[in-house]
Amino acid sequence: MPTLDRRRWLKVSAAVLAGGWAGACASGPRGRLDVPPTWTPLRPVRVSRDRVIRVVAGLRPYRAEGFVVRAERLAGKLLVHNYGHGGGGVTLSWGTAEMAADLVTYGGREGNVAVIGAGAVGLATARLLQRRGREVTIYARDLPPNTTSNIAGAQWSPATVSDSLDGPFGHRFERAARLAHRHFQNLVGAGYGVRWIDNYFPRERPPGAGGQTSRIRDLYPEWEELEGDEHPFPTRYARRVATMFIEPHRYLRAVLRDFRIAGGGVVVGEIGDLEQLAALAEPVIVNCTGLGARELFGDDSLVPIRGQLVVLRPQSGIDYLTVGGGRFSTRGSQYMFPRSDGILLGGTFERGVETLEPDPVETERILADHAAFFGAMAGKVGGLAEGRPNSISIGRGTARHLRQHVNHG
């Protein structure tokens with residue numbers, strides 16, 4: 001049977017969007033294609049203010065030196081730290097939880113364990129300790145859905161974890177990533193809200209392969225570089241990788257359920273100081289407080305990085321991620337993550353900003369950038385469907401018009 005190259009696939013998929021499958025099939029030599037394409041058409045996101053259902057902001061607990069997993073003594077108890085993951089908390093949670101659980105197992109103290117914090121890191125740590133035969137109680141100020149982890153975009157990709165992966169921390173980072181990746185594979189399915197998905201990185205220049213990704217390149221299957229009309233985005237280049245995607249509202253609820261079914265206890269309340277922490281009945285304590293470790297343990301190296309998200313009403317047929325927007329990204333980080341509870345548009349990366357109050361100016365900027373990007377994507381797909389690949393470019397005037405439409409529409 002004849003095969004279709006990627007360029008042909010894109011034109012066929014564009015025709016599907018423009019006129020339906022029957023119209024696409026009519027373009028073959030005998031009026032039909034011998035085989036249907038396996039490449040799934042990508043639909044543009046509909047971006048408008050009247051589709052916004054909420055705007056939220058969260059604080060990433062960032063340390064330039066990277067996350068902390070270490071053991072020490074506190075008033076005769078074994079204290080294990082597991083915090084400071086920056087923007088990789090959900091991604092690395094099972095990996096650093098495994099490392100923390102090792103410190104508990106081989107730390108010379110038997111008995112029950114208190115886990116402080118009920119975000120992704122705390123829940124994963126608590127579950128692994130249960131599996132190792134410990135009785136665990138979670139102490140937390142907030143429970144899902146009121147944790148920072150619930151706000152996370154949560155694609156499996158350890159981003160903004162440290163300033164550098166040189167030296168010993170790079171090895172710890174890689175170990176945590178590989179452990180976490182394997183754990184999340186075991187959770188793929190509707191029950192935990194974890195699935196495989198295509199992740200695209202639209203760029204105007206060829207994307208580099210450096211940074212944190214280089215150490216764990218093999219954890220991103222189906223990696224390929226696309227150019228021109230090999231992809232539907234309004235940029236010259238796009239990288240496609242397969243990655244896991246976690247829906248926090250489902251995932252955190254399911255892990256907390258498992259913890260309780262296994263006999264875990266939960267105490268809701270705030271631990272204000274080390275004296276109160278040391279007074280807990282458990283002889284082993286694991287600190288998973290994230291940004292809270294700055295006040296509780298005096299770790300001044302922790303810096304909040306504020307991230308703001310605009311959430312659109314869910315849209316059927318959107319089953320891919322985008323990170324970046326080329327010339328349509330005016331400031332900050334730009335990404336689109338489709339979840340069952342809404343399409344997340346990001347975002348901001350505001351180092352040292354601690355307020356959780358959304359910024360209306362950033363809301364408008366996020367909407368305008370995504371409206372321009374997906375509007376130009378619709379134009380490119382439509383141009384390819386009509387066999388006019390040279391008509392897909394969008395001028396600055398068109399992009400400006402789209403931004404004005406979002407700002408004033």
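Guide: Before we start, helices and strands here are DSSP runs, numbered from the N terminus, with at least four residues for a helix (H or I) and at least two for a strand (E). Also, this is a predicted model.

Visitor: Got it. Where does glutamine 334 lie, then?

Guide: Glutamine 334 is in the loop that runs between strand S12 (320–323) and strand S13 (335–339).

Visitor: Buried or exposed, that glutamine 334?

Guide: Buried: glutamine 334 has 5% relative accessibility, and the cut-off for buried is under 20%.

Visitor: What does glutamine 334 touch, skipping residues up to four places away in sequence?

Guide: Quite a list. On that count, glutamine 334 touches Thr322, Val323, Gly324, Gly325, Phe328, Ser329, Gly346, Gly347, Asp369, His370 and Phe373. With serine 329, the side chain of glutamine 334 makes a polar contact of 3.5 Å.

Visitor: And how far apart in space are glutamine 334 and threonine 322?

Guide: Their C-alpha atoms are 8.1 Å apart, with the two positions twelve residues apart in sequence numbering.

Visitor: Switching to helices. At what angle do the axes of H3 and H6 cross?

Guide: Roughly 110 degrees, for helix H3 (residues 89–105) and helix H6 (residues 168–185), whose axes come within 7 Å. That crossing makes H3 roughly perpendicular to H6, because angles from 65 to 115 degrees are counted that way.

Visitor: Which residues make the contact?

Guide: From H3, the contact uses Val90, Thr91, Leu92, Ser93, Trp94, Gly95, Thr96, Glu98, Met99 and Asp102. H6 brings Arg172, Phe173, Arg175, Ala176, Ala177, Leu179, Ala180, His183 and Phe184. Sorted by class, the H3 contact with H6 has ten nonpolar, five polar and four charged residues.

Visitor: What about H4 and H7, how do their axes cross?

Guide: Helix H4 (residues 120–131) and helix H7 (residues 248–261) have axes that come within 10 Å and cross at roughly 30 degrees. So H4 is roughly parallel to H7, since the cut-off is under 35 degrees. The crossing of H4 past H7 is left-handed.

Visitor: Which residues meet there, H4 against H7?

Guide: Ala120, Leu123, Ala126, Arg127 and Gln130 from H4 meet Leu252, Val255, Leu256, Asp258 and Phe259 from H7. In that contact of H4 with H7 there are seven nonpolar residues, one polar and two charged.

Visitor: Leu252 again in anyone else's contacts? What is threonine 147 in contact with, leaving aside neighbours within four places in sequence?

Guide: Ala118, Gly119, Asp142 and, indeed, Leu252. Threonine 147 sits in the loop between strand S5 (136–140) and helix H5 (148–151), and is buried at 9% relative accessible area. The side chains of threonine 147 and asparagine 150 share a polar contact of 2.7 Å.

Visitor: One more loop: where is isoleucine 271?

Guide: Between strand S9 (265–268) and helix H8 (274–278). Isoleucine 271 has a relative accessible area of 14%, so it counts as buried.

Visitor: Which residues is isoleucine 271 in contact with, leaving aside neighbours within four places in sequence?

Guide: Ile116, Tyr139, Gln276, Leu277, Leu280 and Leu296. Tyrosine 139 is 132 residues away along the chain from isoleucine 271, and their C-alpha atoms are separated by 8.2 Å.

Visitor: Zooming out, how many helices and strands does the chain have?

Guide: The chain has eleven helices and 15 strands. Of its 409 residues, 53% are buried. Among contacts with a separation of 6 or more, 78% are between residues 24 or more positions apart.

Notes. Residues are numbered from 1 along each chain as its sequence is written. This is a predicted model: local features need pLDDT of at least 70, side-chain atom pairs count only at pLDDT 80 or more; totals for chains, interfaces and linings use all residues. Side-chain values use heavy atoms; hydrogens and water are left out. Axes are lines fitted to C-alpha atoms, for helices over the stretch in contact, and angles run from 0 to 180 degrees between N-to-C directions. Angles under 35 degrees count as roughly parallel, over 145 as roughly antiparallel, 65 to 115 as roughly perpendicular and the rest as oblique. A crossing is left-handed if the near helix is turned anticlockwise from the far one by less than a right angle, and right-handed if clockwise. Contact means heavy atoms within 4.5 Å. Ala, Val, Leu, Ile, Met, Phe, Trp, Tyr, Cys and Pro count as nonpolar, Asp, Glu, Lys and Arg as charged, and the others, Gly among them, as polar. Buried means under 20% relative accessible area, exposed over 50%, partly exposed in between (1.4 Å probe, protein chains only). A polar contact is a pair of N or O atoms within 3.5 Å; within protein, one must be able to donate a hydrogen and the other to accept it, and residues adjacent in sequence count only if both atoms are side-chain atoms.
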